[in-house]
Amino acid sequence: MVRERAKIAKRVVNRSLIAYLNPSHKISEQYRTIRNNIQYAAEGAQVRTLLVTSPEEGDGKSTAAINLAVSMAQRGERVLLIDVNFRNPVLHKIFNTQISPGLSSVLSQQLAFDEAIQETEVEGMDLLTSGLSQGNSADMLDSHRMKELMEKAIQHYDRIVFDCPPVLSAPDTNALVNKCDGVVLLLNCGKTTHGKALEAKQSLSFAGANIIGAILNKKSVR
C-alpha cells in the first residue's frame, strides 16, 4: 500500500515537472508555446505577474502553473512561483519541501519576504509556499501587505506566477486578480462544462481580471 502511494506520488511529480524533467517532450514544447502566446495575447503590454486558476478543483491548474513557470525560467528569466491556495496547497509536495514558512508567514508579518523564499532545483526559479492556512485568506490577499509583497517581488524577479484556488470554490482568487497583469484560466476538457467555464470567466471579469487566455488540457469542453 505504501509502495503504491509512493508510485502515485512519483507520477504526479513527474507530470507536474515535465517541462524540467523532460524538456524535449511534446507537452513541454506545448508549455513553451503557451508561454510565448501569453506575451502575444498581452498585445505588447508586459506581463510580470501571471495568475493561473480554474473553475473547480482537479482541473490541473497547479501543473500548468508549475510548467509555465519552468518554461519561463528556461528562457533565462528570473521566476518566482507562489502557492496562493491556502485551502488546498500542493506546491510544497511537488517540490518536496516544508509548507511553512511561506506566504501566510509574510502577510502576517511573522517573517520577511526574502526569508520565506526557497530555491528550487530549476535554475532561475524560486518558490514561495503557501504557509499555514489562515481563516481570513481572502482578506490577506486583498490587503496592502499583499500589494507590498508583489511590489517587492517585481523588484527581484522578471516573472511572478501565482497558483491560485479555483475561482468558483473560494473568494481568494478574485481578491487578487485585479492586482495581476494577466490571468490564465485552465479548463479540464474532460470535466469542465460550458456553463462552468462561462461562470468562471464572468466571475473573473467582474473582479477586474485581465484574462489573456485559457489552457485546454484535453480535447474538448463539453
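In this predicted model, the sulfur of cysteine 180 has its closest cysteine sulfur in cysteine 164, at 6.6 Å, which is too far for a bond. Seen from the other side, the sulfur of cysteine 164 also finds its closest cysteine sulfur 6.6 Å away, in cysteine 180. A disulfide requires the two sulfur atoms to lie within 2.5 Å, and the count by this rule comes to 0 disulfides. Cysteine 164 is buried, with a relative accessible area of 0%. Cysteine 180, at 8% relative accessibility, counts as buried too, because buried means under 20% relative accessible area.

**The nonpolar cores**

Cysteine 180 also appears among the contacts of phenylalanine 162. When neighbours within four places in sequence are left aside, phenylalanine 162 touches Thr49, Leu50, Leu51 and Val52, together with Ile82 and Val84. Its further contacts are Met146, Met150, Leu176 and Cys180.

Which residues of the largest nonpolar core touch the most other members? They are Leu80, Ile82, Leu103, Phe162 and Leu176, out of 35 residues in this core. At least two residues of the core come from each of the strands β2 (79-83), β5 (159-163) and β6 (182-187). The helices α6 (103-107), α7 (113-116), α8 (137-141), α9 (144-156) and α10 (194-206) likewise supply at least two residues each. Of these elements, α9 gives the most, with 4 residues. Apart from this core lies another one, of 29 residues, which includes Val79, Leu91, Ile94 and Leu186.

**Backbone features in the loops**

Several notable backbone features fall in loops. Serine 100 and proline 101 are joined by a cis peptide bond, with omega about 10°. Proline 101 belongs to the loop between α5 (91-94) and α6.

Asparagine 96 is likewise found in the loop between α5 and α6. The phi angle of asparagine 96 is positive, although this residue is not glycine. Glutamine 109, placed in the loop between α6 and α7, also has a positive phi without being glycine. Are these two residues buried or exposed? Asparagine 96 is exposed, and glutamine 109 counts as exposed as well, because exposed means over 50% relative accessible area. The values for the two residues are set out below.

| Residue | Phi | Relative accessible area |
|---|---|---|
| Asparagine 96 | near 55° | 71% |
| Glutamine 109 | near 60° | 58% |

**The chain as a whole**

The protein chain contains 10 helices and 7 strands. What radius of gyration does the protein chain have? It has 16 Å, and this agrees with the value near 17 Å that a compact globule of 222 residues would have. Along the principal axes, the C-alpha atoms fill a box of roughly 45 × 45 × 40 Å.

Contacts in the chain often link residues distant in sequence: among those between residues at least 6 apart, 78% join residues at least 24 apart. The contacts of phenylalanine 162 illustrate this, as they include Thr49 and Ile82.

Buried residues account for 47% of the 222 residues in the chain. The accessible surface comes to about 11,000 Å², and carbon and sulfur atoms hold 49% of that surface.

Methods
Residues are numbered from 1 along each chain as its sequence is written. This is a predicted model: local features need pLDDT of at least 70, side-chain atom pairs count only at pLDDT 80 or more; totals for chains, interfaces and linings use all residues. Side-chain values use heavy atoms; hydrogens and water are left out. A nonpolar core is a set of buried Ala, Val, Leu, Ile, Met, Phe, Trp, Tyr and Cys residues joined through side-chain atoms within 4.5 Å. Buried means under 20% relative accessible area, exposed over 50%, partly exposed in between (1.4 Å probe, protein chains only). Contact means heavy atoms within 4.5 Å. The radius of gyration is taken over C-alpha atoms; the globule rule is 2.2 Å times the number of residues to the power 0.38. Accessible areas come from the Shrake-Rupley method with a 1.4 Å probe; for residues, only the protein chains shown count as cover.
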